[in-house]
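Work through the exercises below with the sequence and the structure side by side, and try each task before reading its solution.

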Amino acid sequence: MADTEASAQASGRHLIVMDIDSTLINQEVIDLLGEEAGVGERVAEVTERAMRGELDFKAALEERVALLAGLDESVFDRTFARVTFTPGAQELVAEAHERGWKVGVVSGGFHEVADRIVEAADIDYCLANRLEVADGKLTGRLAAEIVTKDRKLASLRAWAKELGIPMERTVAIGDGANDIPMILAAGVGIGFCAKPKVRAAAPHHIDERNLMLAYPIIDAAEA
């Protein structure tokens, strides 16, 4: 299909891209894994500082992942069982699909849990990190290129291009410093119960843990 045809076909559609941890779900998966490894408080402290933009994200992630070395890969089942969706999360996805829109997630978390979250919520696209596993145990290393703020932004743009959706009809929702570039690049950028740096940067805000509150913002931006 020619680009012009695709754009015309997608002219009324949107792409919503969200962070997973503390946005789509109520938890930080890395913190849950840290609890399983007996280092929950230490991991949670680093997570909080990274989300506030006080630490280099790559170094902070590698530090936390190293603390998970030796965990059995069955930890992914236990971790997913503890995940709860943010109020309005599954309804937001269902409403998007009713409108003929697409939904993607970008995460500094891990495909080993994120893929199960995506399946449960019927989400269309997913980018996340991967943990290295050898002989059924986590090695404490990552198995693929780290999902940075730049890769989150690149995914938003790439998925929109693939769908023939112009950037002005994209929506980005997140709470941490790594989400700021995609929030600023999207047609509608929303900080969700956001950290101070995100709140200062985001054009729109939701301060209640209800993702369905994104629709009044999106619809008002289109009016």
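**Exercise 1.** Determine how many bridges join strand E2 to E3, and how the two strands run.

*Solution.* In this predicted model, strand E2, which spans residues 102-110, is joined to E3 by four bridges, and the two strands run parallel. One of the pairs can be found at Phe110, whose bridge partner in E3 is Asn129.

**Exercise 2.** Place the strands of the open sheet in order, and explain why one side of E3 and of E8 is left without a neighbour in the sheet.

*Solution.* Begin with the order, which for this open sheet of six strands reads E3-E2-E1-E6-E7-E8, with parallel pairing. Strand E3 (125-129) and strand E8 (204-206) stand at the edges, and because each has a single partner strand, one side of each has no neighbour in the sheet. Next consider the twist: neighbouring strands of this sheet are turned against each other by 20° on average, when direction is ignored. Finally, look for what packs on the sheet: helix H12 (residues 214-222) does so by touching strand E1 (15-19), strand E6 (170-174), strand E7 (188-192) and E8, and the direction of H12 makes about 155° with that of E7.

**Exercise 3.** Describe how E4 and E5 are connected, and find the residue in the turn that has a positive phi.

*Solution.* Three bridges join E4 to E5, and these strands run antiparallel. Among the pairs is that of Ala134, whose bridge partner in E5 is Lys137. The two strands form a hairpin with two residues between them, and in the turn Asp135 has a positive phi of about 55°.

**Exercise 4.** Identify the buried residues of helix H6, taking buried to mean under 20% relative accessible area.

*Solution.* Helix H6 covers residues 75-82, and its buried residues are Val75, Phe76 and Thr79. They span an arc of only 95° around the axis, which means that they lie on the same side of H6. This agrees with a general rule: an α-helix has 3.6 residues a turn, so residues three or four places apart point the same way. The buried residues of H6 pack against helix H3 (29-36), helix H8 (111-121), strand E4 (131-134) and strand E5 (137-142).

**Exercise 5.** Find the volume of the largest cavity, and name the residues closest to its centre.

*Solution.* The count comes to one cavity of 30 Å³ or more, and the largest cavity has a volume of about 230 Å³. Of the 19 residues that line the largest cavity, Asp19, Glu28, Met51, Phe57 and Gly108 are the closest to its centre. The elements giving two or more residues to this lining are H3, helix H4 (40-51), helix H5 (57-66) and E2.

Key. Residues numbered from 1 in each chain as written. Predicted model: local features only at pLDDT ≥ 70, side-chain atom pairs only at ≥ 80, totals over all residues. Heavy atoms only, no water. Buried < 20%, exposed > 50% of the residue type's maximum accessible area, 1.4 Å probe, protein only. Arc of directions from axis to C-beta. Contact = heavy atoms within 4.5 Å. Pairing = 2+ DSSP bridges. Axes fitted to C-alpha atoms, helices over the stretch in contact; angles between N-to-C directions. 1 Å grid on protein atoms, 1.4 Å probe; cavity = no way out; pocket = protein on both sides within 12 Å on 5 of 7 lines; lining within 4 Å. Points joined across faces, edges and corners; volume = space filled by probe spheres on them.
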